[in-house]
Amino acid sequence: LNNMSPTKEKILVLLLAGLTLGFTYSPQRQWRILKGVSREWKRIDEKKLRDEIRQLYQSKLVSKKENPDGSYALLLTKNGKLRALTYHFQEMKIKKENWDGKWRLVSFDIPEKIRNARDAMRDKLKKLGFCELQKSVFVFPYDCENEIEFIVEFFNLRRYVRFGVLERLDNELDLKKIFRLV
C-alpha cells in the first residue's frame with residue numbers, strides 16, 4: 001500500500017473486516033474481529049477520517065451507496081478490495097492449535113490469463129506455512145478453511161480452487177516431520 005497514510009489503511013482494513021464477518025461462521029472469530037474493529041475505530045481522529053474518506057472516493061478505492069433509510073454505506077470498490085487484501089495478506093496468520101490428525105488440502109488450476117492471482121495465491125500459501133506437494137497442490141495440518149475461503153473469494157477464484165480435509169496421506173510421516181508434529 002505504497003504512499004497510503006495509516007488512516008487510509010485502517011479505513012480499508014475496517015471495511016474489509018466487515019466483509020470478513022460474512023465469511024466467518026465461528027462466533028468466537030466474529031467476536032474477535034468486532035473487538036479489533038472497535039479498537040481501531042476509536043483510534044481514528046474524526047476530521048482526519050472525513051478527509052481520508054474524501055481522498056479514498058477520489059482515488060476510487062471506495063464508493064458510496066444510499067440506503068433506503070437515507071443513510072449512506074461506504075463500500076470497497078474492486079481496486080479497494082485488492083488494496084485492502086494486500087494489506088490484510090501481510091497481517092494474515094493461521095493459528096497453529098492442537099493438531100486434530102487431519103490434513104487440509106488446497107489444489108488449484110488457475111488459467112495463465114490470471115497468472116498474477118495464481119502467483120499471489122501460491123506465494124501466500126507458502127507464507128502461511130503450507131507445504132507444496134506439487135506445483136498447485138498444498139497441504140497444511142491446522143484448520144484454515146476460513147482463511148482459504150477469504151483468499152479465494154477476494155481473488156474471485158472459486159471455480160479454480162478446491163479445498164478438502166483428509167484423514168490420511170501416504171507421505172504422512174514426512175509431512176509430520178516438516179510440520180514438527182512428531
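User: What is the accessible surface of the chain, and what share of it belongs to carbon and sulfur atoms?

Analyst: In this predicted model, the accessible surface of the chain comes to about 11,800 Å². Carbon and sulfur atoms account for 48% of that surface.

User: What percentage of the residues is buried?

Analyst: The chain has 182 residues, and 38% of them are buried. The term requires a relative accessible area under 20%.

User: Why is Arg-118 called buried?

Analyst: Buried means under 20% relative accessible area. Arg-118 has 14% relative accessibility, and therefore it counts as buried. Arg-118 lies in helix 5, which covers residues 115-127. Leaving aside residues up to four places away in sequence, Arg-118 touches Phe-108, Ile-110, Pro-111 and Glu-112.

User: How many helices and strands does the chain have, and what pattern do they follow?

Analyst: There are seven helices and six strands. Along the sequence they follow the pattern α-α-α-β-β-α-β-α-β-β-α-β-α.

User: What makes strand 4 and strand 6 edge strands of the open sheet?

Analyst: The open sheet has four strands in the order 4-5-3-6, with antiparallel pairing. Strand 4 (131-134) and strand 6 (161-166) each have a single partner strand, so one side of each lacks a neighbour in the sheet. From one strand to the next, the twist averages 25°.

User: How do you know that strand 3 pairs with strand 5?

Analyst: Two strands pair if at least two bridges are found between them. Strand 3 (residues 103-108) and strand 5 (residues 137-140) have four bridges, in the antiparallel sense, and therefore they meet the criterion. Among the bridge partners, Leu-105 is matched with Val-139 of strand 5, and Arg-104 with Phe-140 of strand 5.

User: How do you know that strand 3 pairs with strand 6?

Analyst: The same criterion of at least two bridges applies. Strand 3 and strand 6 are joined by six bridges in the antiparallel sense, so they count as paired. One of the partnerships links Trp-103 with Leu-166 in strand 6.

User: What makes strand 3 mostly covered, and which helix packs on the sheet?

Analyst: Five of the six residues of strand 3 are buried. Helix 5 packs on the sheet, touching strand 3, strand 4, strand 5 and strand 6. The direction of helix 5 makes about 160° with that of strand 3.

User: What share of the contacts joins residues at least 24 apart?

Analyst: Among contacts between residues at least 6 apart in sequence, 68% join residues at least 24 apart.

How values were computed. Residues numbered from 1 in each chain as written. Predicted model: local features only at pLDDT ≥ 70, side-chain atom pairs only at ≥ 80, totals over all residues. Heavy atoms only, no water. Helix = DSSP H or I, 4+ residues; strand = E, 2+ residues; numbered from the N terminus. Buried < 20%, exposed > 50% of the residue type's maximum accessible area, 1.4 Å probe, protein only. Contact = heavy atoms within 4.5 Å. Areas by Shrake-Rupley, 256 points an atom, 1.4 Å probe, with all protein chains shown as cover. Axes fitted to C-alpha atoms, helices over the stretch in contact; angles between N-to-C directions.
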